[in-house]
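Biologist: I would like to learn how to read a structure like this one, feature by feature. Could you take me through it slowly, with the general idea before each case?

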Amino acid sequence: MLWVKAFHIVFVASWFAGLFYLPRIFVNLSMVPPESVAERARLLLMARKLLRFTSLLAVPALALGLWLWLGYGIGRGPGNGWMHAKLAIVVLILGYHHACGVLLRRFESGARQRDHVWYRWFNEVPVLLLVAAVVLVVVKPF
């Protein structure tokens, strides 16, 4: 079980590294002047590659988490309300990941985007989700 838990943590950390950096690329994309075609193309390429890699990292993170939950019974049974809250956080993280893909497609299509300040705030969401998940897992408040 400890091997599964260790690799789950590694893949979650790697997945979040991508979720932390991808919106920073969005901040930069939103600030690119219209005449800077090469800069925009380079940032879009970086964002596409990062989203693809981040998506690949999410798969083993989720699979190993399910293995811990369903296979080893972590968080199952009475007195494990924290696991229900954590699973809700995981659904929110998946939604955020999906939203990043939607935003990237909008950048690629050239659709009117929000300003860089909005993306800076959007970039803070995964930090809050990670803090919530870690507190739930470590502290197990309920």
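Modeller: Let us begin with how two helices cross, keeping in mind that this is a predicted model. A crossing has a hand, and the crossing of H1 and H3 is left-handed.

Biologist: At what angle do H1 and H3 pack, and how far apart are their axes?

Modeller: An angle and an axis distance together describe a packed pair, and here H1 and H3 pack at an angle of about 35°, their axes lying 11 Å apart.

Biologist: Which residues of H1 and H3 meet?

Modeller: A contact is read from both sides, so to speak, by listing who faces whom. From H1 the list includes His8, Trp15, Phe16 and Leu19, and from H3 it includes Lys86, Ile93, Tyr96 and His97. By kind, the residues of this contact of H1 with H3 divide into 14 nonpolar, 3 polar and 1 charged.

Biologist: How should I read burial, and is asparagine 123 buried or exposed?

Modeller: Burial is judged from relative accessible area, with under 20% called buried and over 50% called exposed. Asparagine 123 is buried because its relative accessible area is 10%, although its place is in the loop between helix H4 (116-122) and H5. Leaving aside neighbours within four places in sequence, asparagine 123 is in contact with Leu19, Phe20, Pro23, Arg24 and Tyr96.

Biologist: What do leucine 2 and alanine 132 show on that scale?

Modeller: Leucine 2, in helix H1 (residues 2-31), counts as exposed because its relative accessibility is 62%. Alanine 132, in helix H5 (residues 125-139), counts as partly exposed, since its value is 26%.

Biologist: How do I compare separation along the chain with separation in space?

Modeller: One sets the two counts side by side for a chosen pair. Leucine 2 and arginine 24 are 22 residues apart along the chain, and their C-alpha atoms are separated by 34 Å. Alanine 132 and alanine 85 are 47 residues apart in sequence, with 9.1 Å between their C-alpha atoms.

Biologist: How much space lies in the largest pocket, and which residues lie nearest its centre?

Modeller: A pocket is read through its volume and its lining. The largest pocket holds about 730 Å³ of space, and of its 29 lining residues, His8, Val12, Gly65, Lys86 and Val137 lie nearest the centre.

Biologist: Which helix gives the most to that lining?

Modeller: H3 does, with 9 residues, while H1, helix H2 (37-71), H3 and H5 each supply at least two. The lining of the largest pocket divides into 24 nonpolar, 2 polar and 3 charged residues.

Conventions:
Residues numbered from 1 in each chain as written. Predicted model: local features only at pLDDT ≥ 70, side-chain atom pairs only at ≥ 80, totals over all residues. Heavy atoms only, no water. Helix = DSSP H or I, 4+ residues; strand = E, 2+ residues; numbered from the N terminus. Buried < 20%, exposed > 50% of the residue type's maximum accessible area, 1.4 Å probe, protein only. Contact = heavy atoms within 4.5 Å. 1 Å grid on protein atoms, 1.4 Å probe; cavity = no way out; pocket = protein on both sides within 12 Å on 5 of 7 lines; lining within 4 Å. Points joined across faces, edges and corners; volume = space filled by probe spheres on them. Nonpolar A, V, L, I, M, F, W, Y, C, P; charged D, E, K, R; others polar. Axes fitted to C-alpha atoms, helices over the stretch in contact; angles between N-to-C directions. Left-handed = near helix turned anticlockwise from the far one by under 90°.
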